[in-house]
Amino acid sequence: MTEENEMLLSAGAVEALLAWYGEHKRDLPWRRTADPYRIWISEIMLQQTRVEAVKRYYTRFLEAFPTVQALADAPEEQLLKLWEGLGYYSRARNLQKAAKVIVSDYGGEMPPDAAKLRKLPGIGDYTAGAVASIAFGLPEPAVDGNLLRVLSRVDACFDDITGPAVKKKWSERLRSSIPQEPERAATFTQAMIELGATVCVPNGAARCGECPLIPWCRAKREDLTDALPVKGEKKPRRIEDKTVLLIRDGERTALHKRPDRGLLAGLYELPNVPGHLDADRVTELVRGYGFEPLRVRRVEDAKHIFTHIEWHMIAYDVRIAAEPEGEHVTSGLRLVGQRELHERYAVPSAFSAYTKYL
Ligand code: ADE
C-alpha cells in the first residue's frame, strides 16, 4: 500500500465517481427507499447472493415483514421459508435476533450510529458501514469484496485481500476520501459498490473503457488490472458423500428436521446418511426407520457446493406402504403432503435436484 496519510481517492476522483453513478446506476428496489430497515435487509441478502436473485426475495420478505417489529415477531418457520433458497440461513436468524434488540433497546428504530449497528447480531464492519452511510448519510466506510478489488486496483496494491486485517486497513485509508455531506456520503458508498459490481469486475473482465476512475487508476496505468487483486490460496473444500432418500407413500414424502445447530440448522431435509449406500443397505435402513419399503429405485446423482463443504449425493426413490398421518414415531421423520412441503417447510436448495420432483 502507499503511504497511510495519502488520500486514496482525490476530490476529483470522487467527483467523477459520483457523476458516473448518477448517470449509470442500476434501478434496484433498495435504491428507491431511505428506510434504514429496508437498506439493512437488502445488505444482508446481498452478502453472498447475486443482485438478480435478491430482488425477488427482498420484495417478498418486506411484504411479509414490513417493519422491524414485524420481523422481531415473525414465527421462525415463516422466516426460514421466506429465506428458502437464499442460503446461509444464519443470516435470517441473526436478522431476527437483531430486530428483537432494536425493538427492546432502540424503540424499534435502527440506531443512526455505526458503532451501535456493529454490535447487533449479524452486523459486521461492512454492513454497519453500509447502513450508516447509505441510510443515515454518515461518512463511514463500507468495504466488501467489491471494494477491496476496486481499491487494490486503483492503488496497484498487491496485499492479499483474503487476510483478516486487510478490510480494516482499507476502511481506515478510505475514510478520508468519503464526502462529509450526508447525501454525497450515501451516494459514495453506493457508487463504489456499483463500480465494483458492474465495471471493475473480476476474472479478466474489467470494463476499463467505462470506468470513471481511469485517470486515477494505477493498475490501469501499469497494466496490472488482471493481476489484481491478490487472493491467497483457498483451503480445498471437504467432500462429503451422502445417500439421500425420497421416502414416499404415494402422496406424502418423509422430511427430517435438522438439529438446531450447525450447517443448515433447523431446516427440513430429505432424510440422508453419510456414505454411498447400495439398494440393499437402503432397504435395511428404511426398515430400521419402521417403514415397509415396497420398491427401491436409484435416481440421479447430485452435487451441492457450500463455502467449505461439497456434498456428493446419490439418491434413492423409496416407495413405502401407506402410513398414518402425523409425526412418524420410530424415525422422528415427518410425512408431508406435496402442497404442504412446498408452502410451509423450508428445504435448503442443496436438495433441489430432488425436491423439484416432489
Ligand atoms: N452489493 C452489496 N450491496 C449492494 C447494493 N446496495 N447494491 C447493489 N449491490 C450490492
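This passage describes the surroundings of the ligand and the enclosed space within a predicted model. Residues are numbered from 1 along each chain as its sequence is written. Local features need pLDDT of at least 70 and side-chain atom pairs count only at pLDDT 80 or more, whereas totals for chains, interfaces and linings use all residues, and side-chain values use heavy atoms, with hydrogens and water left out.

The ligand is surrounded by Leu 28, Trp 30, Arg 31, Glu 43, Leu 46, Val 51, Tyr 126 and Ile 193, a residue being counted if one of its heavy atoms lies within 4 Å of the ligand. By class, this shell comprises 6 nonpolar, no polar and 2 charged residues, where Ala, Val, Leu, Ile, Met, Phe, Trp, Tyr, Cys and Pro count as nonpolar, Asp, Glu, Lys and Arg as charged, and the others, Gly among them, as polar. An N or O atom in the side chain of Glu 43 is 2.8 Å from a nitrogen atom of the ligand, while polar side-chain atoms of Trp 30 and Tyr 126 lie 3.2 Å and 3.3 Å, respectively, from a ligand nitrogen atom. Of the 260 Å² that the ligand exposes when taken alone, the protein buries 94% (Shrake-Rupley method, 1.4 Å probe).

The structure also holds 1 cavity of 30 Å³ or more, a cavity being a set of points, on a 1 Å grid over the protein atoms alone, where a 1.4 Å probe fits but cannot get out. The largest cavity has a volume of about 100 Å³, and of its 14 lining residues (those with an atom within 4 Å of a point), Arg 153, Cys 200, Cys 208, Cys 211 and Cys 217 are the closest to its centre.

Notes. A polar contact is a pair of N or O atoms within 3.5 Å; within protein, one must be able to donate a hydrogen and the other to accept it, and residues adjacent in sequence count only if both atoms are side-chain atoms. On a 1 Å grid over the protein atoms alone, a cavity is a set of points where a 1.4 Å probe fits but cannot get out, and a pocket is an open set with protein on both sides within 12 Å along at least five of seven lines; lining residues have an atom within 4 Å of a point. Grid points are joined across faces, edges and corners, and a volume is the space filled by probe spheres set on the points.
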